[in-house]
Amino acid sequence: MEAVVQQPITRDAPVRLEGLGKEYGHFTALKALDLTVAEGTSLGFLGPNGAGKSTTIKIMTNLIRPSRGRAALFGIDVRREPTRALARIGAVIETPEFYGYLSPLETLAYAGRLRGMSSKDLRSRSEAVLKEVKLTEWADHRIQEFSKGMKQRLAIAQSLLHEPDLLILDEPTSGLDPRGMAEVRDVIKSLKDQGRTIFMSSHLLGEVQEVCDDVALLNHGELLIRGSVRELSRGADTSTIQATFLHPATPQDLEALAGLPGVEEVKPSSDSTVDLRITGGQEGQARVLEGMIARGLKVITYRPLGSSLEQLYLDRIQESDRL
Amino acid sequence: MTPSPLAQIVTVAAYEIRKYIRGRRLLGMLILLGLIVGLFVGLPPALGIKYASTPDAFISTFATFSGLLVVLGGVLFAADALVSEHEKRTGYFLFPNPVRREVLVLGKIVASLIVCTAVLSLYYGAAAIAALIITGSLTWEVGLSYLYTLGYMTAVVGVAYLLSALLKGTVAATVLTFFLFTLIFSIIGGILPRANVEPWFIPTSASGIIANALGGPAVRPGPGGGDVGFIPDPATSLLVFAGYAIAGGVLAILWYGRRELAS
């Protein structure tokens, strides 16, 4: 595991996972996860489908039991004292279904009453969160009429209702259209700005980069990387660049490109476009560009495909898949 | 601050009752109830048959159907109460709240008992009013039969909750609850006496006290058309009802508390 930056850990960190593991029969969904999230930070919990992200979140929210290890929220063991542990959190897990016979207002009232909110608080908070997720006009409609995206918005609204100190979000933009995704990201960013702790799983790297300070990468139930987004991006050495030439590249050109220092792989994507995997960070990219020009190739465009963090993500996932 | 478990039970029960009121099940049950009462009251004069002359005899015809209403109540208002949270994925909304699983189950059981009691009370209330109008009197035995019906209902609800906690699908839970009380228990209760075993512990056999309280048929023919049936005495029957209700409810709470919401 590569640890770039560790946040200061307090005794009652919002999230502390210790040797957390889970087996479903003979299948190991989670091996022995150790992870701590410090107060006021936002962690992006990344990994491909089946990596163990949802399993971790379900253990944290007491939906499933760990096979070993423990999950503690604000220092309270979720398994031993679920009511106390869950009191300060708001959660969106997968795309939850709601009771179709209730309206959003009634649904929020149900959740709020279970949490002991007063009628006055419930009224004002319900209005505020429904406005935040743009469901005000639908506040009194039965949920059975709602689309998946509307249900996802309501899920986010109910997670914010009691102004939780910790938000646990399992792929919160799942099921939303691009505009809805952007709106939800804005909501999460504003919560982050308010100093709330956010634990957000996603398989969308861009989303995590946009919203989170820290990132933890999981695959096959194992933690591969944990660190701050900024440090990991800076530290990532390899990137993929797409170069487009004025004239189609000949086999000799491709061979010459492959021979340039720092070039790890050359993959033609059309007659005049090639994708180059380059090491050496930004200086390496500059050297390769100089090499192309020196060889007489007329470069029209030269642009990175995805971020360096994305490349790091893909590399680590591939590496872990090979093992 | 998280409210007390009792306050949470009341909240869960209130929302469950709202579900039954807004759903079509309660409406369907009330229509069925109206149909049964209408047939019992309207059919005899239409066919030129005289009504029974005593209130007990009049209501005993209603009482023979109350067992079926109890089972339908268990099927419609209890059997899928727990399993549906998993199958319909509403558990992803409900379970991450600071509320213990046993509190959720208790709240749902309370709601089921209230709704079933309301339906059976309406049924017996309608029968009692009809008896009062037609025969001009009522007896305490009618009230006793009603109380026995409620006792049987608690047993059915308890078992329905256990099946709801154990099974993976709503269809399996509702179908099994229905056939357990209309077929399986009846078959066992009918066959055991032939092997010289008194089926006092079978709830459908014990439910015979509902009609018996009104001087109804004390003998229940077995599946082979046999002439010997067995109905335990009221005290034993009530203990049997309580046993099934408590065992079913407690096991449902224990099992559901361990059940995972994995997929």
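**Exercise 1.** This is a predicted model, so treat the answers as computed. Start with A:Asp213: work out whether it is buried, exposed or in between, from its relative accessible area of 30%.

*Solution.* Take the cut-offs: under 20% is buried and over 50% is exposed. A:Asp213 has 30%, so it comes out as partly exposed. Next, look for its partner: A:Lys192 makes a salt bridge with A:Asp213, with the closest N and O atoms 3.4 Å apart. Now place the two. A:Lys192 sits in helix 6 (residues 178-193) of chain A, while A:Asp213 is in the loop between helix 7 (205-211) and strand 10 (214-219), so the bridge ties together parts 21 residues apart in sequence.

**Exercise 2.** Go to chain B and find which residue forms a salt bridge with B:Glu85.

*Solution.* The partner is B:Lys108, and the closest N and O atoms are 2.7 Å apart. B:Glu85 belongs to helix 4 of chain B and B:Lys108 to helix 6 (residues 101-135), so this pair links distant parts of the chain, 23 residues apart. Then check burial: B:Glu85 has 1% relative accessibility and counts as buried. B:Lys108, at 1%, counts as buried too.

**Exercise 3.** Describe the lining of the second largest pocket: which residues lie closest to its centre?

*Solution.* First, the space: about 450 Å³. Of the 18 lining residues, the closest to the centre are A:Gly100, A:Tyr101, B:Lys19, B:Arg25 and B:Lys88. Helix 1 of chain B gives the most to the lining, with three residues. Sorting by class, you get four nonpolar, five polar and nine charged residues.

Methods
Residues numbered from 1 in each chain as written. Chains lettered and ligands numbered in written order. Predicted model: local features only at pLDDT ≥ 70, side-chain atom pairs only at ≥ 80, totals over all residues. Heavy atoms only, no water. 1 Å grid on protein atoms, 1.4 Å probe; cavity = no way out; pocket = protein on both sides within 12 Å on 5 of 7 lines; lining within 4 Å. Points joined across faces, edges and corners; volume = space filled by probe spheres on them. Helix = DSSP H or I, 4+ residues; strand = E, 2+ residues; numbered from the N terminus. Nonpolar A, V, L, I, M, F, W, Y, C, P; charged D, E, K, R; others polar. Salt bridge = Lys/Arg side-chain N within 4 Å of Asp/Glu carboxyl O. Buried < 20%, exposed > 50% of the residue type's maximum accessible area, 1.4 Å probe, protein only.
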